[in-house]
Amino acid sequence: MLPLVALVGRPNVGKSTLFNALTRSRDALVADQPGVTRDRQYGICRLLDQPFFVIDTGGLTDESEGLAGLTSAQSRLAVQESDVVALVVDARDGLLASDLSILQEIRRANKRMLLLVNKTDGLDIDTSMAEFASLGIAEMFAVAASHQRGLHPVLEAIGKYLPEVEPGQSEAEIDPGRMRLAVVGRPNVGKSTLVNRLLGEDRVIVSEVAGTTRDPIAVDLDRDGKRYRLIDTAGIRRRARVEEAVEKFSVLKTLQSIESAEVVICMLDAREGVTDQDATVLGQVLESGRGLVIALNKWDGLDAYQREQCKADVQRKLAFVEYAQVLTLSAKHGSGLAELFRAIHRTHASSTRQFSTSELTRALEAAYEALQPPVVRGHVAKLRYAHPGGSNPPTVVIHGSRVSTLPQSYKRYLENFFRRRFKLVGTPLRLEFRVGD
Ligand code: GDP
Ligand code: GDP
């Protein structure tokens with residue numbers, strides 16, 4: 001379970017600007033995909049070693065005139081559930097009565113709190129901070145969200161407050177033999193039908209692992225001698241009759257499910273083709289780096305023409321996840337399940353593949369020999385050696401000189417080269433570049 005940080009404050013203080021700065025994607029690639037809109041309220045900040053959820057309660061607050069404070073049940077719940085609350089105020093407006101009423105509510109919830117005094121760009125910081133010092137909040141920070149200034153100390157403070165994820169406590173370590181699967185997709189694509197079909201089969205042994213509002217719940221599944229844990233899907237939820245405390249939180253649960261899975265099965269409704277909402281969920285999976293299998297469900301109802309249309313739609317709109325296997329399914333009739341599980345296993349093998357330094361370095365040399373980076377200002381980047389930097393997604397750390405001059409196109413070439421050489425399927429490959437040896 002990732003820790004949760006809530007951004008709270010009255011309208012227009014800069015919460016969503018801050019949210020964007022904190023959750024901006026490490027891969028510009030993800031954000032720039034047409035059709036992929038990023039959720040503007042729920043996101044993951046990956047700027048610290050320990051990722052955490054960020055909720056912008058702005059969108060959750062009833063911001064109609066005259067209503068200050070955490071007016072909606074949702075933003076109250078967000079505050080209650082969070083590990084750290086960041087109260088955002090506007091240095092240009094100074095301290096207002098509505099800031100105080102929000103502060104009172106946070107105090108009532110008894111949460112770790114940071115005060116972010118925003119829009120300090122072009123202002124005298126000492127003067128700005130003095131006005132807010134009267135609030136008696138120990139941790140005050142002057143920031144300028146739109147200039148991405150002052151965020152580093154804020155991140156450090158957040159990092160200090162986040163609950164430690166102790167090694168040995170993650171699900172993987174509790175039961176390393178169980179592959180963690182998440183079934184995601186927009187409503188009505190057939191997630192519950194698939195899960196129920198899997199759980200309904202005779203050879204399946206089911207045990208439910210309960211969760212809380214924020215935690216995903218999970219069901220263990222044994223199938224064909226292999227062990228799985230299905231994480232939080234609509235299907236499990238309905239089966240376990242767990243009530244959605246607040247519907248909005250289901251976005252967070254999807255993100256959490258993706259994050260805690262090893263392989264994500266993203267279901268689409270083949271009758272409707274690829275919608276923007278599908279692309280958005282897939283963008284989240286790509287950003288997480290988890291293994292991905294795309295299942296076009298309800299294949300049973302389609303004629304040959306519609307099938308062609310659907311496949312063309314996938315090719316056109318889902319090029320950004322072209323590493324994933326795409327298969328067709330009828331959850332209702334149970335066809336395509338064997339292929340689905342084959343794809344899951346291939347994906348899992350790729351995303352958890354262990355590399356040695358020598359095989360990576362040999363691959364790097366071969367790639368470099370076949371195609372050298374372009375000359376930039378009279379110099380060519382040299383790539384010396386590569387070593388593994390983690391799995392799920394497999395990460396390759398490349399050392400060399402002038403690596404900052406490598407164009408995006410060359411990085412993509414390297415990624416594809418590694419992917420082909422090691423026959424990786426269903427997983428992104430992350431490259432990190434370091435200067436020197
Ligand atoms: P929210 O309603 O709290 O989410 O506020 P927004 O993030 O939408 O920001 C409200 C306005 O303040 C926008 O016009 C932003 O461009 C502007 N803004 C946000 N952060 C800063 C900042 O650090 N400095 C300045 N000068 N303007 C900012
Ligand atoms: P969820 O919201 O993603 O969990 O979707 P459900 O599993 O509740 O399914 C939504 C609707 O689609 C239900 O009426 C299902 O019977 C139907 N459905 C699910 N899978 C299939 C399928 O493979 N073929 C057809 N024709 N209908 C399906």
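## Structural report on the predicted model

Of the 437 residues in the protein chain, 41% are buried. The model is a predicted one. The chain holds 15 helices and 16 strands. Among its contacts with a separation of 6 or more, 72% are between residues 24 or more positions apart.

### Nonpolar cores

The largest nonpolar core contains 90 residues. Within this core, A86, L87, L181 and C266 have the most contacts. Apart from it there is another core, of 14 residues, which includes A367, V403, L406 and L424. In soluble globular proteins, nonpolar side chains tend to be buried together.

Leaving aside residues up to four places away in sequence, L181 touches Y228, R229, L230, I231, A261, V263, I265 and I344.

### Strand β7 and its partners

L181 belongs to strand β7, where it is buried on one side together with M179 and V183. On the other side of β7, the residues R180, A182 and V184 are buried too, so both faces of the strand are covered. Strand β7 spans residues 179-184, and 6 of its 6 residues are buried, which means that the strand is largely enclosed by the rest of the structure.

Two strands are joined to β7. Strand β10 (residues 226-231) runs parallel to β7 and is linked to it by 4 bridges. Here M179 has Y228 of β10 as its bridge partner. Strand β11 (residues 263-269) also runs parallel to β7, again with 4 bridges. In this pairing V184 is matched with C266 of β11, and C266 is among the residues with the most contacts inside the largest core.

### The six-stranded sheet

An open sheet is built from 6 strands in the order β2-β3-β1-β4-β5-β6, and its pairing is mixed. Its edges are formed by β2 (42-45) and β6 (140-142), each of which pairs on one side only. On average, neighbouring strands of this sheet are turned by 25 degrees against each other, with direction ignored.

Strands β1 (residues 4-8) and β4 (residues 84-90) are paired in the parallel sense through 4 bridges. V5 lies opposite V84 of β4 in this pairing. Helix α1 packs on the sheet and touches β1, β2, β3 (52-56), β4 and β5 (112-118). The direction of α1 makes about 160 degrees with that of β3. Helix α5 (residues 125-133) lies across β4, β5 and β6, and runs at about 150 degrees to β6.

### The three-stranded sheet

Another open sheet has 3 strands in the order β14-β15-β16, also with mixed pairing. The edge positions are taken by β14 (382-388) and β16 (430-435), each with a single partner strand, so one side of each has no neighbour in the sheet. From one strand to the next the twist averages 30 degrees.

Strand β15 (residues 395-401) pairs with β16 in the parallel sense over 6 bridges. H399 stands opposite R434 of β16. Helix α14 (residues 357-370) lies across β14 and β15, running at about 150 degrees to β14. A367, one of the residues of the 14-residue core, falls within the residue range of α14.

### Surroundings of the two ligands

Ligand 1 is surrounded by 16 residues, and the closest are G14, K15, S16, T17 and S146. Helix α1 (residues 15-23) gives the most to this shell, with 3 residues. The helix that packs on the six-stranded sheet therefore also contributes to the surroundings of ligand 1.Around ligand 2 there are 17 residues, of which G190, K191, S192, T193 and K332 come nearest. Helices α8 (191-200) and α9 (234-240) each supply at least two residues of this shell. The most is given by α8, with 3 residues.

The make-up of the two shells by residue class is as follows.

| Shell | Nonpolar | Polar | Charged |
|---|---|---|---|
| Ligand 1 | 4 residues | 9 residues | 3 residues |
| Ligand 2 | 4 residues | 9 residues | 4 residues |

Methods:
Residues numbered from 1 in each chain as written. Chains lettered and ligands numbered in written order. Predicted model: local features only at pLDDT ≥ 70, side-chain atom pairs only at ≥ 80, totals over all residues. Core = buried A, V, L, I, M, F, W, Y, C linked by C-beta atoms within 7 Å. Buried ≥ 20, exposed ≤ 12 C-beta atoms within 10 Å, placed from the backbone. Contact = placed C-beta atoms within 7 Å. Near = placed C-beta within 6 Å. Nonpolar A, V, L, I, M, F, W, Y, C, P; charged D, E, K, R; others polar. Pairing = 2+ DSSP bridges. Axes fitted to C-alpha atoms, helices over the stretch in contact; angles between N-to-C directions.
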